[in-house]
Amino acid sequence: MKNPYFNPAKKHHRPDGFQNNYISFRGKRWHEILRWRWQAWRAGHPRPMHEPIPVVAPDLAFIHANAKAGLAMQPAMTWIGHITVLAQIGGLNMLTDPVFSERCFPVQWAGPARQTPPGLRLDQLPHIDVVLLSHNHYDHMDEGSLQALAKQPGGCPLFITPLGHKHWFARRGIQRVIELDWWDTHVLDATAQSARIPVTLTPAQHWSARTATDALRSLWGGFAVRSPDCHLFFAGDTAYSKDFIDIRQHFAREQTPELGGGFDIALLPIGAYEPRWFMKDQHVNPEEAVQIFQDLGCQRALAVHWGTFQLTDEALDEPPRALAQALSTQGLSDKDFHVAAIGETWRLPARLKPNSSTP
């Protein structure tokens, strides 16, 4: 099948799909999958948890008051679970890869089951303005959640996705979709209640597939969201690569006195990484997540992609312990790279007071 977006001038484009910048991804062969499952069975993996995943009641009063505060909104991140974060910045309410279903699988009677509840239910969310969708794997692109958000009271959010997803949404009657290639930017236009916010799709070391026959045909990536009050980076799913040094250098060139430079907060994955021989080319481990944090030069990070679905061999509660060791080795602390409880809201200092005229 031909890639309708193919541009031979772009090195991540292929005539039949897409590829990574630095390490080409190839799907695992059947004998490699069998080897993983056989070794996991012999070793008794996944390993059992040492302690429950922390879950707290959400601060709904703050979340909903903040949602309606317009330009007085305080930058805040609420971890809903797995990869899903409610990001409140610039007068807008954004969701990253919304997954509220009980299972991340093509059907809801099989596949990995949710081990911890969502930090907010769909009916507890404020009105969502924007959804950032990193790629089409089932633990990131959850059909039930996306359809529910499209039908939310007050109107459908804007879905911003990598190339190759519009047709999936269109088949479900969802038209408010913007597709981006790596380094493309869509500017969220200012209203009286929100800032003017550039949203840029950034490279990641990963892959895509929704079925057995569509691997690498849609693009994947992360997002840089540069609101005047908070510069947010959302990594999506990724392995470690030089892409993160490139991202830092790219936005350093685009710094302006009005917006300033660097990221104030990065949402970085820390889970689903064992065994390394199988996962290393698609998922970072906590040590590599810390390296991404340093490569980006961001002020702080929030750990995501752990504690919800048992996808790989490590215990569900292991990633924070491994992260603490990696941070200590680099002379960093959990104040730099925060591990939140599911449902917890992290309030951040605003870099600038947003205004609708900011470029």
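**Close-up views of a predicted model**

**View 1. L216, a buried residue in a loop.** L216 is buried because its relative accessible area is 17%, below the 20% cut-off. The structure is a predicted model. L216 lies in the loop between β10 (197-202) and β11. Its phi is positive, about 70 degrees, although L216 is not a glycine. Most residues other than glycine have a negative phi.

**View 2. W183, a partly exposed residue with a positive phi.** W183 has a phi of about 80 degrees and is not a glycine. The residue sits in the loop between β8 (177-180) and β9 (185-188). Is W183 buried or partly exposed? W183 counts as partly exposed because its relative accessibility is 30%, and the partly exposed class runs between the limits of 20% and 50%.

**View 3. Strand β12 and its side chains.** Strand β12 covers residues 230-234, and 5 of its 5 residues are buried. In a regular strand the side chains alternate between the two faces of the sheet. In β12, C230, L232 and F234 point one way, while H231 and F233 point the other way. The residues of both sets are buried.

**View 4. The hairpin of β11 and β12.** Strand β11 (residues 222-227) pairs with β12 in the antiparallel sense, over 5 bridges. How many residues lie between β11 and β12 in the hairpin? The two strands form a hairpin with 2 residues between them. Within this pairing, R226 stands opposite H231 of β12.

**View 5. The parallel pairing of β12 and β13.** Strand β13 spans residues 265-269 and runs parallel to β12. The two strands are joined by 3 bridges. Which residue of β13 is the bridge partner of F234? The partner is L267. F234 is also one of the buried residues of β12.

**View 6. The cis peptide bond between H45 and P46.** H45 and P46 are joined by a cis peptide bond, with omega about 5 degrees. Most peptide bonds are trans. P46 is found in the loop that lies between α1 (30-43) and α2 (60-67).

**View 7. The cis peptide bond between E274 and P275.** The bond from E274 to P275 is cis, and its omega is near 0 degrees. P275 belongs to the loop between β13 and α6 (276-279). Strand β13 is the one joined to β12 in View 5.

Key
Residues are numbered from 1 along each chain as its sequence is written. Side-chain values use heavy atoms; hydrogens and water are left out. Buried means under 20% relative accessible area, exposed over 50%, partly exposed in between (1.4 Å probe, protein chains only). Helices (H or I, at least four residues) and strands (E, at least two) are DSSP runs, numbered from the N terminus. Two strands pair if DSSP finds at least two bridges between them.
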